Every structure is written in C-alpha cells, then in structure tokens.
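Open the model in your viewer and get ready to select residues by number. We will go stop by stop.

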Amino acid sequence: MISFFGADNSKIDSLVYSSESGAFTGVKAKSLTVSEENALSGDYYNDELNMTVKIDKLDSGLIVQSFGLGSIRLFPTYSDEFFCDHDFFSYIKVYRDNRNSIKGFLLNGFSVSNIKFAKVSNN
C-alpha cells in the first residue's frame, strides 16, 4: 500500500510504502536555487585518493566530473545531501564551516564511506 502526505491538501511532499517486510518513506526531492548551485560549483580534492573532482552547474542541474569516473549527475534529496547516479560515487553530504560556507563533502558509495573531499576552488 502507498500512502501520500502533505502539509496541505494541494501539495504532496512525502509518501510511505508499506508491505509485509516493513514501511519505507520517500520525500519530495529538494530544488536548488541558482545561488545554491553556484555555491556548490568548484573543485574538490581528496588526498588519500589523490583525486580532484569538479562540480559543475548545467542547465539541467549539477554534475560531478572526474577524469577517471566521467560525468556523474547529482540529484538533491535533503538539504546539503545528494544522490548520485554512480556505484562508487553514489551519495554525498556537504559540510560547512561556522559561517555556513561550503568546505567540502563526504562521499559514500560501493565499498566506501565518509571519504572527505575538501573544496579547493570555486568555478
């Protein structure tokens, strides 16, 4: 069974799928403003992997570009959290300083968790 929920009757912002194995909640994807997309754009580096990736803003949203991984689409889910369409690069969570400036992100994916990428430049 699928149940839909919203703050008022005109906008649905979440759903719950219930089955014999349990209940799973889904929420409406977050939309980013142009300013939020621009703030995320830039180069990010991880010293353990010696890897730099670039987050670029396209007309259709944000992508991560990497020499070894190609172009990976970012889909905003919650505030500062993104689902990605790649096995290794499947989920990122942005972290900020005490002035709310983006400092980098944590990468999670197939066989990796909380790999820290620091922002090294803006686009």
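**Stop 1: two tilted rings**

Select Phe75 first. Its relative accessibility is 31%, so Phe75 counts as partly exposed. Keep in mind that this is a predicted model. Now add Phe83. At 44% relative accessibility, Phe83 is also partly exposed, because that class runs between 20% and 50%. A search for aromatic pairs gives a count of 5. Phe75 and Phe83 make one of them: their ring centres are 6.0 Å apart and their planes meet at 35 degrees, a tilted pair.

**Stop 2: a hairpin**

Stay on Phe83. Which residue in strand 9 stands opposite Phe83? Select Tyr91 to see the partner. Next, colour strand 8, residues 81–84, and strand 9, residues 91–96. These strands pair in the antiparallel sense, over 3 bridges. Together they form a hairpin, with 6 residues between them.

Show the side chains of Glu81 and Lys93. They meet in a salt bridge, 3.2 Å from N to O. Glu81 lies in strand 8 and Lys93 in strand 9, so the pair ties together parts that are 12 residues apart in sequence. Is Glu81 buried or exposed? With a relative accessible area of 16%, Glu81 is buried, because the cut-off for that class is under 20%. Lys93 has 36% relative accessibility and counts as partly exposed.

**Stop 3: the next strand over**

Add strand 10, residues 102–109. Strand 9 and strand 10 run antiparallel, joined by 6 bridges. Click on Val94, then on Phe105: they are bridge partners. This hairpin has 5 residues between its strands. Asn100 in this hairpin takes a positive phi near 75 degrees.

**Stop 4: a stacked pair**

Keep Phe105 and add Phe117. Both residues are buried. How far apart are the ring centres of Phe105 and Phe117? The centres are 5.0 Å apart and the planes sit at 10 degrees, so the pair is stacked. Phe105 lies in strand 10 and Phe117 in strand 11, so this pair ties together parts that are 12 residues apart in sequence. Now add Tyr44 and Phe89. Ring pairs link these two with Phe105 and Phe117 into a cluster.

**Stop 5: charged partners**

Side chains of opposite charge can pair when their charged atoms come close. How many salt bridges does a search of the whole structure find? The search finds 5.

Select Lys54 and Asp43 for one of them; the N to O distance is 3.3 Å. The pair links distant parts of the chain, with Lys54 in strand 5 (residues 51–58) and Asp43 in strand 4 (residues 42–46), 11 residues apart. Lys54 is partly exposed, at 29% relative accessibility.

Then select Arg96 and Asp80. Their closest N and O atoms are 2.7 Å apart, in another salt bridge. Arg96 belongs to strand 9, while Asp80 lies in the loop between strand 7 and strand 8, so the pair ties together parts that are 16 residues apart in sequence. Arg96 counts as partly exposed, at 33% relative accessibility.

**Stop 6: two positive phi values**

Stay on Asp80. Its phi is near 65 degrees, a positive value in a residue other than glycine. Last, select Ser111, in the loop between strand 10 and strand 11 (112–122). Ser111 is not a glycine, yet its phi is positive, about 65 degrees. Where does Ser111 fall, buried or exposed? Ser111 is exposed: its relative accessible area is 69%.

Notes. Residues numbered from 1 in each chain as written. Predicted model: local features only at pLDDT ≥ 70, side-chain atom pairs only at ≥ 80, totals over all residues. Heavy atoms only, no water. Pairing = 2+ DSSP bridges. Helix = DSSP H or I, 4+ residues; strand = E, 2+ residues; numbered from the N terminus. Buried < 20%, exposed > 50% of the residue type's maximum accessible area, 1.4 Å probe, protein only. Salt bridge = Lys/Arg side-chain N within 4 Å of Asp/Glu carboxyl O. Phe/Tyr/Trp six-rings, centres within 6.5 Å; stacked < 30°, edge-to-face > 60°.
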